Amino acid sequence: MPDSIWITDTTFRDGQQSRVPYTVDQIVTLYEMMHRLGGPNGIIRQTEFFVYSEKDRKALEKSMEMGFQFPEITTWIRATKKDFDLVKDIGIKETGILVSCSDYHIFKKLNMTRAQALDHYLGVVSDALDHGLRPRCHFEDITRADYYGFVLPFVNKLMELSHQANIPIKIRACDTMGYGVPYPGAALPRSVPGIVYGLQHYSDVPNDMLEWHGHNDFGKAIVNASTAWLYGACAVN
């Protein structure tokens, strides 16, 4: 288990997809409350914003004007050049990039092969690095992905890019369907211990660059998050 653990927040991004969207004032108020709740040591380390609408950008700008160190304001985009253009000049230091990794998403949503998806993702990540941004790669649907055949080879490529650019690249393991289980010895790709352990030991991802994002469809969000911390991820989203 890492020496330090923390929380990252997705209220203004994933949270907005499950309810009536927040107003600008609600977002600013909640952001200020998170700052107080997380304290000066950044227990709530980061939060992420949409940037697609004028309202999204206004909320982000007003929150940035508050000047808080924690939670650090980050953004979230799909892995497209068009989306990257939205975030490259707004003054943030880190952006999440959606890199769906299961065959369900690669073949059926993106209509790509694995090789095409890999090249596409690496191109957007490289653009972020070229602009000095820290990429945070959201491995959507990791608990239905080919862990050894796609996930680890992709992460190895990302770690190579990170070393070349001397910019950290974060890996967010996203249990999009809530299929992950915390039991020691469970088979991949369902095993939360196996996912986190493998990213560290087979792809050399540092603890502080590892993040778990678990959905609660089967009531395991809390136990899976705790397991991710115990097995070496510093951050739980």
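How many residues does helix 6 have, and how far does helix 6 reach from its first C-alpha to its last? Let's start there and then walk through the rest of this predicted model.

1. **The span of helix 6.** Helix 6 covers residues 147-165, which gives it 19 residues. From first C-alpha to last, helix 6 reaches 25 Å, close to the 27 Å expected at 1.5 Å a residue. Just after this helix comes Asn166, and its phi is positive, near 60°.

2. **What helix 6 hides.** Look next at the side chains along this helix. The buried residues of helix 6 are Tyr147, Phe150, Val151, Leu152, Phe154, Val155, Leu158, Met159, Leu161 and Ser162. A general point helps when you read such a list: an α-helix has 3.6 residues a turn, so residues three or four places apart point the same way. Which elements cover the buried residues of helix 6? Among them are three helices you can pick out in the viewer, helix 4 (103-109), helix 5 (114-130) and helix 7 (192-201), together with strand 5 (134-139) and strand 6 (170-175).

3. **His105, in one of those covering helices.** His105 belongs to helix 4. Is His105 buried or exposed? His105 counts as buried because its relative accessible area is 14%, and the cut-off for buried is under 20%. Leaving aside residues up to four places away in sequence, His105 touches Ser100, Leu110, Glu140, Asp141 and Arg144. Of these, Asp141 lies 36 residues from His105 along the chain, yet their C-alpha atoms are separated by 7.9 Å.

4. **Strand 7 and its neighbours.** Strand 7 (residues 210-214) is largely enclosed by the rest of the structure, because four of its five residues are buried. Strand 7 pairs with strand 6 in the parallel sense, over five bridges, and here Ala173 stands opposite Trp212. Strand 7 also runs parallel to strand 8 (residues 235-236), with two bridges joining them; Glu211 has Ala235 as its bridge partner in strand 8.

5. **Two crossovers to trace.** Try following the chain from strand to helix to strand. Strand 6, helix 7 and strand 7 form a right-handed β-α-β unit. Strand 7, helix 8 (residues 221-230) and strand 8 form a right-handed β-α-β unit too.

6. **A cavity beside strand 7.** How many cavities of 30 Å³ or more are there? The count comes to one, and the space in the largest cavity is about 50 Å³. Its lining consists of Trp6, Thr8, Gln46, Lys170, Asp208, Met209, Leu210, Glu211 and Ala235. Strand 1 (6-9) and strand 7 are the elements that give two or more residues to this lining. You have met Glu211 and Ala235 already, as bridge partners.

7. **The largest pocket.** The volume of the largest pocket is about 190 Å³. Its lining residues are Tyr31, Ser63, Met64, Gly67, Phe68, Gln69, Pro71, Glu72, Ile73, Gly91, Ile92 and Lys93. Helix 2 (54-64) and strand 3 (72-78) are the elements that supply two or more of them.

8. **Ile90, which touches a pocket residue.** Ile90 sits in the loop between helix 3 (81-87) and strand 4 (94-98). Ile90 is partly exposed, with a relative accessible area of 30%. Not counting residues up to four places away in sequence, Ile90 touches Val51, Leu60, Met64 and Thr75; Met64 is one of the residues lining the largest pocket. Measuring C-alpha to C-alpha, Ile90 and Glu61 are 8.6 Å apart in space, although 29 residues apart in sequence.

Note on methods. Residues are numbered from 1 along each chain as its sequence is written. This is a predicted model: local features need pLDDT of at least 70, side-chain atom pairs count only at pLDDT 80 or more; totals for chains, interfaces and linings use all residues. Side-chain values use heavy atoms; hydrogens and water are left out. The expected span of a helix is 1.5 Å times one less than its number of residues. Buried means under 20% relative accessible area, exposed over 50%, partly exposed in between (1.4 Å probe, protein chains only). Contact means heavy atoms within 4.5 Å. Two strands pair if DSSP finds at least two bridges between them. A crossover is right-handed if, with the strands pointing away from the viewer, the path from the first strand over the helix to the second runs clockwise. On a 1 Å grid over the protein atoms alone, a cavity is a set of points where a 1.4 Å probe fits but cannot get out, and a pocket is an open set with protein on both sides within 12 Å along at least five of seven lines; lining residues have an atom within 4 Å of a point. Grid points are joined across faces, edges and corners, and a volume is the space filled by probe spheres set on the points.
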